[in-house]
Amino acid sequence: MTEPSTTRADADPAPSPAQAAARRGPVVIALMLAMGLAALDGTIVSTAVPQIVGDLGGLSVFSWLFSGYLLAVTVTLPVYGKLSDTFGRKPVLIAGTVLFLIGSVLCAGAWNMASLIAFRIVQGLGGGALQGTVQTIAADLYPLKERPKIQAKLSSVWAASSIAGPAVGGLLAGYADWRWIFLINLPVGLVALWLIGRHLVEPARTAPRARVRIDWAGALAIFATGAVLITALVQGGVAWPWLSAPSLGLLGGAAALAALTVAIERRAAEPIIPGWVWRRRTIAAVNLSLGALGLLMVAPTVFLPTYAQSVLGLGPIAAGFVLSSWTLSWPITAALSNRVYTRIGFRLTAVLGISLALLLLLAFPFLPFPGEPWQPALLMLLLGGALGLFQLPLIVGVQSTVPYEERGTTTASVLFCRQVGQSVGAALFGAVANGVLAARLGADTDLDSLAGSLGTTDDIRRAVDAAVDWVYLGAAAAAALALLALLTLAPRRFPVLKEENQELPRRGLAD
């Protein structure tokens with residue numbers, strides 16, 4: 001029995017580089033659109049929060065619009081990574097995109113804050129597939145030397161989203177209706193689905209085993225562990241004190257569930273998070289390094305806008321531009337990083353990038369008070385350039401050390417660690433900032449009452465300035481941890497597989 005699609009592809013002569021690039025074009029566009037859905041999500045929703053709360057109520061729990069989505073993305077990343085290695089990237093990406101769009105429609109029809117939070121979690125369940133599988137397909141499509149091109153394009157999607165998201169969200173919420181911020185996902189997602197379905201054809205897989213075992217118990221255990229842990233981190237210090245019974249109970253429960261997850265994964269025939277992602281030095285070092293990256297990214301993304309508005313006296317739009325300066329330099333240095341790591345190696349390039357980032361983060365507390373807007377903007381521009389040299393070589397490098405059938409799991413593991421780092425960082429640095437504010441303004445000060453008065457008095461401005469300074473010092477400590485992980489765990493040269501094993505076979509692109 002013949003298979004026309006694979007037989008014809010085997011008989012055809014190898015395509016020229018120009019033909020291969022032309023065939024990749026529609027798939028790359030689809031990946032950028034799919035990544036755009038995930039990248040726009042946070043920024044476009046954040047600007048519409050006042051309108052959403054005004055319509056649905058639920059001011060005390062609105063933060064779960066973001067925390068619930070983050071939870072779902074984080075805990076499903078390793079699940080989708082394993083599924084993409086088992087069943088292929090295409091069905092996982094299509095299923096995730098469809099689930100994300102279903103969640104978007106449900107969010108647009110939400111009738112109260114509880115329903116909107118629940119539907120945001122549905123969106124996040126699809127968003128985990130978007131983030132992890134897009135990165136994996138990008139590595140499949142391009143050989144090692146060309147891989148920075150697609151990674152730079154995906155980075156540019158995040159850069160454009162950080163600028164366009166607030167503007168689009170503000171326009172839709174102010175002049176139309178906040179529900180359109182979810183409905184706008186539909187045309188983008190449908191075009192991405194059509195391009196993926198039409199143009200992405202994965203390479204022929206080996207004959208399936210008699211029975212494919214999916215570790216559903218491990219998936220459920222990972223989800224439960226992540227849910228309890230992130231609930232503890234998000235609500236601790238906000239809904240209840242850190243050392244209270246609820247916090248200690250949730251943290252203890254998360255530890256117990258983590259131990260149960262390890263036990264389940266060790267006994268599973270096909271574990272969701274296999275032990276080899278931690279036993280291999282290269283993958284373990286990248287996991288820890290990108291976990292630290294997620295931690296340090298919280299400082300600018302969460303606290304710099306408050307600093308710009310409260311200390312520098314800027315408006316929301318101008319404050320957004322101060323933050324967005326790092327998204328301009330990040331994709332540029334990421335695109336050029338291959339010229340560095342092809343000469344000095346993945347590890348040394350990443351060490352160079354994180355070392356520069358460490359110095360820049362340490363420089364932030366030395367900015368004058370109140371200072372000029374160009375000063376933090378310049379630091380952020382340089383920080384983005386440093387992190388472009390750090391993150392991309394690690395992702396490209398670790399993907400190049402594993403074969404095709406392990407690449408989805410490997411990619412998901414490093415993205416999972418980065419997401420966990422961001423979750424921990426949001427809670428940790430939030431506690432640091434609140435502690436500094438309380439120490440500067442008086443332990444009996446009601447911090448919630450300051451929400452509408454930040455920047456109104458010199459004492460409050462100086463307190464916010466000190467709090468953000470300490471947050472940046474914490475981010476510098478995270479950069480130091482990443483540097484330590486690379487220097488102590490990562491091999492001097494990543495064990496890159498032969499080039500022919502790194503490319504998606506030409507059958508992976510439709511004619």
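A residue is called buried when its relative accessible area is under 20%, exposed when that area is over 50%, and partly exposed in between. These cut-offs sort the side chains in what follows, and the model itself is a predicted one.

Taken as a whole, the protein chain is a helical affair, with 19 helices and zero strands. Of its 511 residues, 53% are buried. Contacts across the sequence are a big part of the picture: if one takes the contacts with a separation of 6 or more, 85% of them join residues 24 or more positions apart.

Helix α17 makes a handy check on the geometry. It runs over residues 374–399, and at 1.5 Å a residue its 26 residues should span 38 Å; the end C-alpha atoms turn out to be 37 Å apart, so expectation and model agree. This helix is also mostly covered, with 22 of its 26 residues buried.

Next come α18 and α19. Two packed helices are described by the angle between their axes and the distance between the axes. For α18 (residues 404–441) and α19 (residues 458–488), the axes come within 9 Å and cross at roughly 145°. The crossing of this pair is right-handed. On the α18 side, the contact is made by F429, V432, A433, V436, L437, R440 and L441. The α19 side brings in D459, I460, R462, A463, V464, A466, A467, W470, V471, G474 and A475. Sorted by character, the residues of this contact come to 14 nonpolar, one polar and three charged.

Helix α19 also holds D469. With a relative accessibility of 12%, D469 falls under the 20% cut-off and so counts as buried. Once its neighbours within four places in sequence are set aside, D469 is in contact with F364 and P365.

On to the charged pairs: the structure holds six salt bridges. One of them joins the side chains of D55 and R179, at 3.7 Å from N to O. D55 sits in helix α3 (residues 49–56), while R179 sits in the loop between α7 (147–175) and α8 (180–183), so this pair ties together parts that are 124 residues apart in sequence. As for how open the two partners are, D55 has a relative accessible area of 44%, which lies between the 20% and 50% cut-offs and therefore makes it partly exposed. R179, at 22% relative accessibility, counts as partly exposed too. R179 has another partner in D177, with the side chains meeting in a salt bridge at 4.0 Å, N to O. D177 is likewise partly exposed, its relative accessible area being 29%.

The salt bridge between R407 and D140 has quite another setting. Here the side chains meet at 2.4 Å, N to O. R407 belongs to helix α18 and D140 to helix α6 (residues 113–141), so the pair ties together parts that are 267 residues apart in sequence. R407 is buried, with a relative accessible area of 1%, and D140 is buried as well, at 2% relative accessibility. Nor do these two stand alone: D85, R89, D140 and R407 are linked in a network of salt bridges.

Helix α6 is also home to A138. At 0% relative accessibility, A138 counts as buried. Leaving out its neighbours within four places in sequence, A138 is in contact with L31, R147, I150, Q151 and L154. For one of these partners, Q151, the C-alpha to C-alpha distance from A138 is 7.3 Å, across 13 residues of sequence.

A second alanine, A72, lies in helix α4 (residues 64–87). Its relative accessibility is 1%, so A72 counts as buried. With neighbours within four places in sequence left aside, A72 is in contact with I121, G124 and L125. The C-alpha atom of A72 is also separated by 8.2 Å from that of A227, a residue 155 positions away along the chain.

Note on methods
Residues are numbered from 1 along each chain as its sequence is written. This is a predicted model: local features need pLDDT of at least 70, side-chain atom pairs count only at pLDDT 80 or more; totals for chains, interfaces and linings use all residues. Side-chain values use heavy atoms; hydrogens and water are left out. Axes are lines fitted to C-alpha atoms, for helices over the stretch in contact, and angles run from 0 to 180 degrees between N-to-C directions. Helices (H or I, at least four residues) and strands (E, at least two) are DSSP runs, numbered from the N terminus. A crossing is left-handed if the near helix is turned anticlockwise from the far one by less than a right angle, and right-handed if clockwise. Contact means heavy atoms within 4.5 Å. Ala, Val, Leu, Ile, Met, Phe, Trp, Tyr, Cys and Pro count as nonpolar, Asp, Glu, Lys and Arg as charged, and the others, Gly among them, as polar. The expected span of a helix is 1.5 Å times one less than its number of residues. Buried means under 20% relative accessible area, exposed over 50%, partly exposed in between (1.4 Å probe, protein chains only).
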